[in-house]
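This briefing takes up one residue, then the overall fold, the nonpolar core, one helix and the surroundings of the ligand. The sequence and the model come first.

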Amino acid sequence: MRAPPVAPATDDPVVAQLDELRREAESCEKCALAGTRTRVVFGEGDPHSDLMIVGEAPGYHEDQQGRPFVGQAGKLLDQLLATIGLTREQVYIANVLKSRPPNNRDPKPEEIEACQPYLLRQVELIAPRVVVTLGNFATKLLSGSQTGITRVHGIAQRTSIGGRDLHLFPVFHPAAALYTPAMLDTLKQDFLRLPEVLGLPLDGRDAGHAAPPADAAPPADITPPSADQSPSADATPPGDTTPPTGPAPSPPLTGGPAEQLGLF
Ligand code: SF4
């Protein structure tokens, strides 16, 4: 039998420690989700980025591919990053849970409790200046507060995670915004504030140097997903998937049906 591939050796201690943590997570059985997942979704991106993005849990596509945010909400996240001149390769993306909850249900408290050491260690190793939390679960876990996302989105919170001084910046979850034009508009406005948040001072650290150019060009439209795409927890629509009929959000968003995904 052929031996599993071994990651090439690295001189970068952060990369080496993240690889070790990834291997630990990939064999983790600390909660019941180990019995239903296909693949562990550890996280990916630039391990030295100033910006870390934390979602809720893997969905169908993430579980299949072992990568975070590869469904429809992931495409929206890519578009949001592009509006501030960043790509997903320039940030680090992870979730609160590393294994997919069956049928994309909400994470259970005991699952969050069991899995949070992985996320906290990721924050400690990557040491970002800013952690963007997507939606309620990530926001409540990392802020230590039960205040909901509706009240705290778009407001930078100075905090410390894993011994790292940083700014927490909660925003709506892209999966929720896909189907609610007003929420999508708010999400985009909050993202446009990220360069400013990246430039906020932190004790003992240089001023932010990863703030992207404010005049970053908007991305090209994204081809709509094919009709037979399976849903994904990071893109799970609310029960009613009827396209919203409310007023269109203000330009440059076109809003409208989520399945268009030509959002900017
Ligand atoms: S969700 Fe987290 S704690 Fe539960 S099995 Fe997966 S890696 Fe382990």
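Pro201 lies in the segment that comes after helix H9, which spans 194-198. The structure is a predicted model, and the points below, grouped by topic, describe what was computed from it.

**Pro201**
- Pro201 counts as exposed because it has 12 C-beta neighbours inside 10 Å, and a residue is classed as exposed when that number is 12 or fewer.
- His167 is 34 residues away from Pro201 along the chain, and the C-alpha atoms of these two residues are separated by 9.3 Å.

**Overall fold**
- The secondary structure of the protein is made up of nine helices and six strands, and 42% of its 264 residues count as buried.
- When contacts between residues at least 6 apart in sequence are considered, 75% of them join residues that are at least 24 apart.

**Nonpolar core**
- The largest nonpolar core holds 62 residues, of which Met52, Val54, Val96 and Val131 touch the most other members.
- Helix H4, covering residues 109-126, gives the most to this core, with eight residues.
- Leaving aside residues up to four places away in sequence, Val54 touches Ala94, Asn95, Val96, Leu119, Val131, Thr133, Leu134, Ala138 and Leu142.

**Helix H4**
- H4 has 18 residues and reaches 25 Å from its first C-alpha to its last, which is close to the 26 Å expected at 1.5 Å a residue.
- At Cys115 the helix H4 bends by about 45 degrees, and a proline, Pro117, follows within four residues.
- The buried residues of H4 include Glu111, Ile112, Ala114 and Cys115 in its earlier part, and Tyr118, Leu119, Gln122, Val123, Leu125 and Ile126 further along.
- An α-helix has 3.6 residues a turn, so residues three or four places apart point the same way.
- Ala127 follows H4, and its phi is positive, near 50 degrees.

**Ligand surroundings**
- The ligand is surrounded by 14 residues, and the closest are Cys28, Cys31, Lys98, Ser99 and Cys115.
- H4 supplies the largest share of this shell, with three residues.
- By character, the shell around the ligand divides into nine nonpolar residues, four charged residues and one polar residue.
- Cys115 therefore appears under two topics, as one of the residues closest to the ligand and as a buried residue of H4, where a residue is buried if 20 or more other C-beta atoms lie within 10 Å of its own.

Methods. Residues are numbered from 1 along each chain as its sequence is written. This is a predicted model: local features need pLDDT of at least 70, side-chain atom pairs count only at pLDDT 80 or more; totals for chains, interfaces and linings use all residues. A nonpolar core is a set of buried Ala, Val, Leu, Ile, Met, Phe, Trp, Tyr and Cys residues joined through C-beta atoms within 7 Å. Helices (H or I, at least four residues) and strands (E, at least two) are DSSP runs, numbered from the N terminus. Two residues are in contact if their C-beta atoms, placed from the backbone, lie within 7 Å. The expected span of a helix is 1.5 Å times one less than its number of residues. The bend at a residue is the angle between axes fitted to the seven residues ending there and the seven starting there. A residue is near a molecule or strand if its C-beta atom, placed from the backbone, lies within 6 Å of it. Ala, Val, Leu, Ile, Met, Phe, Trp, Tyr, Cys and Pro count as nonpolar, Asp, Glu, Lys and Arg as charged, and the others, Gly among them, as polar.
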